[in-house]
Amino acid sequence: MAGETPGKPPRPAGLAATLLGITGQKTPAIVAPPAKTASPAGTPAATPARPPAGDTKLQAFLAATIADTRRALAADPRDAALHLRLAGALRMQGDDDGAAAAARQSFAIDGNEAAGYFLAGIGDGAVPARTPDSVVTALFDQYAATFDQHLVGRLRYRAPELVAATVRAARGDRATPCDVIDAGCGTGLAAPFLRSLARRLDGIDLSPRMIAAARAKGLYDALEVAELIALLRDRPARYDVIVACDVIVYFGDLAPVFAAAFAALRPGGFLAFSAERDEGTGWRLLPEGRYAHARAYVAATAAAAGFAVHSVSDAVLRTEAGADVGGVITVLARP
Ligand SMILES: C[S@@+](CC[C@H](N)C(=O)[O-])C[C@H]1O[C@@H](n2cnc3c(N)ncnc32)[C@H](O)[C@@H]1O
């Protein structure tokens, strides 16, 4: 059913690419194209779901996937996963209408979360308050093996280093080692920057494969596969520092995240995170499957949870095609 994949796809990721992966296609890697335009943060789904016209390898891969999937659908038109795969490939190919139609068919068959989320991102259907757990897990489980090489090696991803630096600045000359949780730790890229700060360094993530990669680094005291809000709610006053590098982009409504983080922090503690900026007034799900937040919304939601805004700074979180890609690093203080 998977058919031929002409050549190894150049690079993993992206929500559209995830739709291919979620559907169980036996492709060696799920691909997303090199971005032509900069987007404000450093992860797969931040990349535009479009292959550059000149990427013939990727175009050939997509064309083969579409042809194979259409053939399989002719035999089994009620296969929701196949429609979803078609949606992902068409979107990456640049056929938005075709992608939307395929996602609608997938959703109509079994109401699956991935199709619903994809449709919400393109303005068709209810926007969830955060990325569904199943979508997060599928995206990052398939990305885990190449995450470090792609983000750090190719995109010069710097969010962990920069977020850790803001934490150090916020703590000033406090010498006491603190208890830190890397929330949405992924493969553990922040651990080298947090380790010397932390008496205890915990990491949690929804993706078992990301957690396995983090474990291999050997820098955490404890790692757990868990959902961030649920886990923080369960650990009242346990931490002095919570960091979330490029994780808040998977949450739209920040009220539950901030409330859980506030509860998990001790008085005097900090929540530090990188995010994507929206120029509106609230939060928005982008077509790439990530959420962006207005600065005023973040400040108001933080205040409602009891936080004081300690610092907000624009930062270059990575590069893309030689161009700097910006985001916002925010540090909230629990009084
Ligand atoms: C872009 S990666 C960043 C990983 C790491 N923080 C870094 O900077 O390298 C986002 C991570 O957040 C995790 N994540 C997203 N939503 C989550 C949630 N609700 N609970 C736990 N982890 C989540 C994903 O599984 C993924 O590993």
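**Close-up views of strand β2 and of Arg156**

**View A. Strand β2 within the predicted model.** Strand β2, comprising residues 198–205, is largely enclosed by the rest of the structure, because six of its eight residues are buried. The model shown in this and the following views is predicted.

**View B. Pairing of β2 with strand β1.** Strand β1 spans residues 178–183 and is joined to β2 by six bridges. The two strands, β1 and β2, run parallel. Within this pairing, Ile181 stands opposite Asp202 of β2.

**View C. Pairing of β2 with strand β3 and the intervening crossover.** Strand β3, formed by residues 222–225, is connected to β2 through four bridges. Strands β2 and β3 also run parallel to one another. Gly203 has Leu223 of β3 as its bridge partner. Between β2 and β3 the chain passes through helix α10, residues 208–217. The resulting β-α-β crossover is right-handed.

**View D. Arg156 in the loop between α7 and α8.** Arg156 is located in the loop that follows helix α7 (147–154) and precedes helix α8 (159–171). The residue Arg156 is classed as partly exposed because 15 other C-beta atoms lie within 10 Å, a count between the limits of 12 or fewer for exposed and 20 or more for buried.

**View E. Contacts of Arg156 with residues distant in sequence.** When residues up to four places away in sequence are left out, Arg156 touches Arg318 and Thr319. Arg156 and Arg318 are separated by 162 residues in sequence, yet their C-alpha atoms are 5.1 Å apart in space.

Terms used
Residues are numbered from 1 along each chain as its sequence is written. This is a predicted model: local features need pLDDT of at least 70, side-chain atom pairs count only at pLDDT 80 or more; totals for chains, interfaces and linings use all residues. Two residues are in contact if their C-beta atoms, placed from the backbone, lie within 7 Å. Two strands pair if DSSP finds at least two bridges between them. A crossover is right-handed if, with the strands pointing away from the viewer, the path from the first strand over the helix to the second runs clockwise.
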